[in-house]
Each structure stands twice: as C-alpha cells, then as structure tokens.
Amino acid sequence: MTLEEMNKFARCFDSSAKVFIKDDSPLMKFLAFFVRLFNKRFSAGFATTIGNRVYIPKLWLGRDLSRLLIHEVRHIQQCRWCGLGIHPWVGFPFYLILYGLLFFPIGLAFFRYLFELDADARAWAWSLNSGEDTSSVRSRSESFAKTVASWDYLKPWPASWVEKGFKKSFEKVLVGFNRA
Ligand SMILES: [Zn+2]
C-alpha cells in the first residue's frame with residue numbers, strides 16, 4: 001500500500017484518520033528516545049497511533065496493511081469514546097491516562113491490555129469476514145497476546161491473564177462470526 005492508499009482505507013473506518021510515516025516524524029523520534037529503553041523495535045517494528053494520527057514505519061510501505069490499519073483505527077475510535085464521541089483529540093488526554101498510567105504503568109496497566117485486546121478483536125473479526133482461515137487468525141491472536149504481555153508493551157498485565165483474556169475474546173469473536 002502507498003501512504004495515499006492507507007489514508008483512504010483508514011478513513012473508511014474513521015473519517016478523521018490520518019496516516020503518516022513514522023521515520024519522518026520528530027514527535028515519533030522524540031518518543032522513540034524513551035520507548036527504546038524497553039522496546040528496541042519501536043521505530044521499525046511497530047505502528048503507533050496518537051489521537052487521530054497513525055504512524056507507520058517506512059519499511060512497511062508497499063505491504064498490505066489493511067488488517068493493521070483496522071487495529072490502529074480502533075485506537076482512534078477508543079480515543080473518540082474517551083472524548084464522549086466528539087473528536088479523538090478531545091478524548092486523548094483521558095485515553096493517555098487510561099492507556100499509560102492506570103493503575104500503574106508496569107504490571108497494573110489494565111486499560112492498556114484492554115485497549116489492545118479490543119483493537120485486535122476488531123481486526124480478527126475483519127480478517128474472518130475477509131475470508132481468512134480461522135486457524136491463522138487464531139494463531140496471530142495468540143502471538144499478539146504474547147507481544148502485549150511482554151516488555152514491548154511494558155508488561156501491562158500478568159502474562160497468563162493476558163493470554164487467557166485474548167483466548168476468551170477470540171472464541172467470542174468466532175462465535176459471532178459463525179452466527180452471522
Ligand atoms: Zn494497538
């Protein structure tokens with residue numbers, strides 16, 4: 001996908017969405033300075049969403065990032081909910097507190113776990129609806145659960161609980177998909 005295609009795709013799901021190249025952003029470089037203390041692959045291996053802005057590593061240009069964008073745009077919508085539906089930036093300060101600080105940044109960041117689970121569940125449903133194999137979507141959900149539970153996400157919640165929560169949500173998404 002080109003940057004233009006990504007913007008077009010993302011705006012189908014939230015009209016405020018804007019996609020940028022992470023490598024070109026001074027804000028992302030500033031953030032990377034701190035995040036790389038616990039996540040070495042932050043700049044080249046992770047997309048980051050702030051408010052209505054999605055930052056994609058330059059290396060990923062040309063790939064099909066639809067599924068990833070579904071996940072990232074869900075974070076934009078989560079921000080919007082935190083701002084009572086007005087705009088992602090209205091909700092961003094509250095989102096940031098929930099995502100980063102409550103109840104404690106490491107080990108007890110329940111909302112970071114919850115927001116990642118919710119965003120990925122959206123992407124699982126999208127993948128299943130797009131005709132992807134159940135087993136391949138499930139195995140991706142399991143591997144993302146491990147990533148979320150790791151230092152890459154600053155260990156938000158006990159790993160076994162994260163994995164259990166992801167598993168339970170995946171089965172719920174699957175039931176919904178099979179029923180539809
Ligand atoms: Zn995410």
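## Exercises on a predicted model

This predicted model contains eight helices and three strands.

**Exercise 1.** Work out in what order the elements run from the N terminus on, and how the radius of gyration of the protein compares with the globule rule.

*Solution.* Begin at the N terminus and follow the chain, which gives the order α-β-α-α-β-β-α-α-α-α-α. Next take the radius of gyration, which is 16 Å and lies close to the 16 Å that the globule rule gives for 180 residues, so the protein is as compact as a globular protein of that length. Finally, consider the box that the C-alpha atoms fill along the principal axes, which is roughly 45 × 35 × 35 Å.

**Exercise 2.** Describe the largest nonpolar core, and find which elements and domains supply its residues.

*Solution.* Start with the core itself, which has 35 residues, and in which Ala10, Val54, Leu69 and Val162 have the most contacts. Then look for the elements that each supply at least two of its residues, among them α1 (3-11), β3 (53-56), α4 (66-82) and α8 (159-179). The element that gives the most is α6, with seven residues. As a last step, turn to the domains: domain 1 (1-101) and domain 2 (103-180) each contribute at least three residues to this core.

**Exercise 3.** Find which residues Leu69 is in contact with, leaving aside its neighbours within four places in sequence.

*Solution.* Once those neighbours are set aside, the contacts of Leu69 are Met6, Phe9, Ala10 and Val54. For the protein as a whole, among contacts between residues at least 6 apart in sequence, 61% join residues at least 24 apart.

Terms used: Residues are numbered from 1 along each chain as its sequence is written. This is a predicted model: local features need pLDDT of at least 70, side-chain atom pairs count only at pLDDT 80 or more; totals for chains, interfaces and linings use all residues. A nonpolar core is a set of buried Ala, Val, Leu, Ile, Met, Phe, Trp, Tyr and Cys residues joined through C-beta atoms within 7 Å. A residue is buried if 20 or more other C-beta atoms lie within 10 Å of its own, exposed if 12 or fewer, and partly exposed in between; C-beta atoms are placed from the backbone. Helices (H or I, at least four residues) and strands (E, at least two) are DSSP runs, numbered from the N terminus. Domain bounds come from an automatic or database domain assignment. Two residues are in contact if their C-beta atoms, placed from the backbone, lie within 7 Å. The radius of gyration is taken over C-alpha atoms; the globule rule is 2.2 Å times the number of residues to the power 0.38.
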